[in-house]
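Trainee: I have a structure to look at and would like to know how its labels are justified. Can we go through them one at a time?

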Amino acid sequence: DYLETSNLIETIFPFMGIRFISVNDHFDTAGKTNGNKELEVALKNLVNDMYARDVSRRVSVARIQDQHRGRFLGSSAPYGYRINEDDPLRRFIIDEPAAKVVQSIFEMVLSGLTIRDISMGLQAQKLCIPAQYHCTGHLYREQEDEAKRWHVGTVSNILHNQAYIGNLVQGRRRARHYKGEERHHTEKDEWIIIEDTHEPIVSKEVFDAVEEILAEKVKESVFASERTKDIPVRPNRFKGIMYCGICGQKLAYSSEVSRGSSLERRYYFTCNQYYDLSINRHRGIHITENT
């Protein structure tokens, strides 16, 4: 950003007593005879900014074109798949051990279990979470592996991921730096979805049935109903000062709406190890804000 660069060189650095040297341009802010060098550096900053924006735009356009071709641009495949690096499009191939876990998760929803029940069940089986499995290759936790819990959100992401019916979904997060746009989540109509790019792990019928069950639960939930839309979430007043006295991790800040005639949002803190069944001493750490 040539404006920010100029501001740093001409205003911020001198104020902070910082000496700026550009070796290639023979420019030194400590020098007394820079002459027209200041103007030259400012012009170069402008040209560099224009060049960087043009490169960013070209890279963004090329990435979008690749996504429309069905080429996977991510660093790792969804849990249950591996990337075929010999394929120019980097298509997914099924990773059988993890794929069976994915299938069991969908089956558990169809059997009536809640997402929280499923996450606790996976924890009880000592299954490694997806990120840990990707790093270690261990389907089940081994003695040297850290005990990490299955978050409800992790299970929910698996259940909503169209990759498991053979579709490649990309563009859910995007950044266009040449427009000054930071990385952000995009709307569903902006996603790039290419169907039948790889072998599915679950059938479309099972996937749709699970989606319907989850949608119905959200609809019936007091927390997601229209009744709570006017009850805003208050910022964490204890941010940065609430830590677990056992493991030292930051306590997670959460809230829930009380079930009663009068709606009231209650706030509480829990340790991130709260649902880790392998660490019994962490179970039960739950502090309400007014404790």
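Mentor: Start with a definition: a salt bridge is a side-chain nitrogen of Lys or Arg within 4 Å of a carboxyl oxygen of Asp or Glu. The model here is predicted, and the structure holds eight salt bridges.

Trainee: What makes Arg 57 and Asp 54 a salt bridge?

Mentor: Their closest N and O atoms are 3.0 Å apart, and the limit is 4 Å. The pair therefore qualifies as a salt bridge. Arg 58 joins Asp 54 and Arg 57 in a network of salt bridges.

Trainee: Why are Arg 57 and Asp 54 said to be separated by about one helical turn?

Mentor: Because they are three residues apart in helix α2.

Trainee: Are these two residues buried, exposed or partly exposed?

Mentor: Buried means under 20% relative accessible area and exposed means over 50%, with partly exposed in between. Arg 57 has 36%, so Arg 57 is partly exposed. Asp 54 has 26%, so Asp 54 is partly exposed.

Trainee: How do you know that Arg 90 and Glu 85 form a salt bridge?

Mentor: The closest N and O atoms of Arg 90 and Glu 85 are 3.2 Å apart, and a distance within 4 Å is what the term requires. Arg 90 counts as buried because its relative accessibility is 12%, whereas Glu 85 is exposed, at 52%.

Trainee: What is the distance for Arg 91 and Asp 87?

Mentor: Their side chains meet at 2.6 Å, N to O, in a salt bridge. Here the Asp 87 side is buried, with a relative accessible area of 12%, and Arg 91 is partly exposed, at 36%.

Trainee: Why is the pair of Phe 238 and Phe 269 called edge-to-face?

Mentor: Ring centres must lie within 6.5 Å to pair, and planes over 60 degrees apart count as edge-to-face. The centres of Phe 238 and Phe 269 are 6.1 Å apart and the angle between their planes is 75°. The pair therefore meets both conditions. Phe 238 is in the loop between α7 (204-220) and β9 (252-257), while Phe 269 is in strand β10 (residues 265-270), 31 residues apart. Phe 269 is buried, at 2%, and Phe 238 is partly exposed, at 28%.

Trainee: How many aromatic pairs are there?

Mentor: The count comes to 12. Ring pairs also link Phe 72, Tyr 81, Phe 92, Phe 106, Tyr 164 and Phe 207 into a cluster.

Trainee: Which residues touch the most other members of the largest nonpolar core?

Mentor: Tyr 79, Ile 105, Phe 106, Leu 122, Leu 159 and Tyr 164 do, in a core of 36 residues. Helix α3 gives the most to this core, with eight residues.

Trainee: What makes Met 50 exposed?

Mentor: Its relative accessibility is 53%, and exposed means over 50%. Met 50 therefore counts as exposed. Met 50 lies in helix α2 and, with Tyr 2, Leu 3 and Leu 46, makes a nonpolar surface patch of about 370 Å². The elements that give two or more residues to this patch are α1 (2-16) and α2 (37-69).

Trainee: How do you know that Arg 172 lies over the face of Trp 191?

Mentor: Arg 172 is 5.8 Å from the ring centre of Trp 191. The distance limit is 6 Å, and the charge must also be within 35 degrees of the ring normal.

Notes:
Residues are numbered from 1 along each chain as its sequence is written. This is a predicted model: local features need pLDDT of at least 70, side-chain atom pairs count only at pLDDT 80 or more; totals for chains, interfaces and linings use all residues. Side-chain values use heavy atoms; hydrogens and water are left out. Patches are made of residues with over 30% relative accessible area and no salt bridge: like charges are joined within 9 Å, nonpolar side chains (Val, Leu, Ile, Met, Phe, Trp, Tyr) within 5 Å. Accessible areas come from the Shrake-Rupley method with a 1.4 Å probe; for residues, only the protein chains shown count as cover. Helices (H or I, at least four residues) and strands (E, at least two) are DSSP runs, numbered from the N terminus. Buried means under 20% relative accessible area, exposed over 50%, partly exposed in between (1.4 Å probe, protein chains only). Rings of Phe, Tyr and Trp (its six-membered ring) pair if their centres lie within 6.5 Å; planes under 30 degrees apart count as stacked, over 60 as edge-to-face and the rest as tilted. A nonpolar core is a set of buried Ala, Val, Leu, Ile, Met, Phe, Trp, Tyr and Cys residues joined through side-chain atoms within 4.5 Å.
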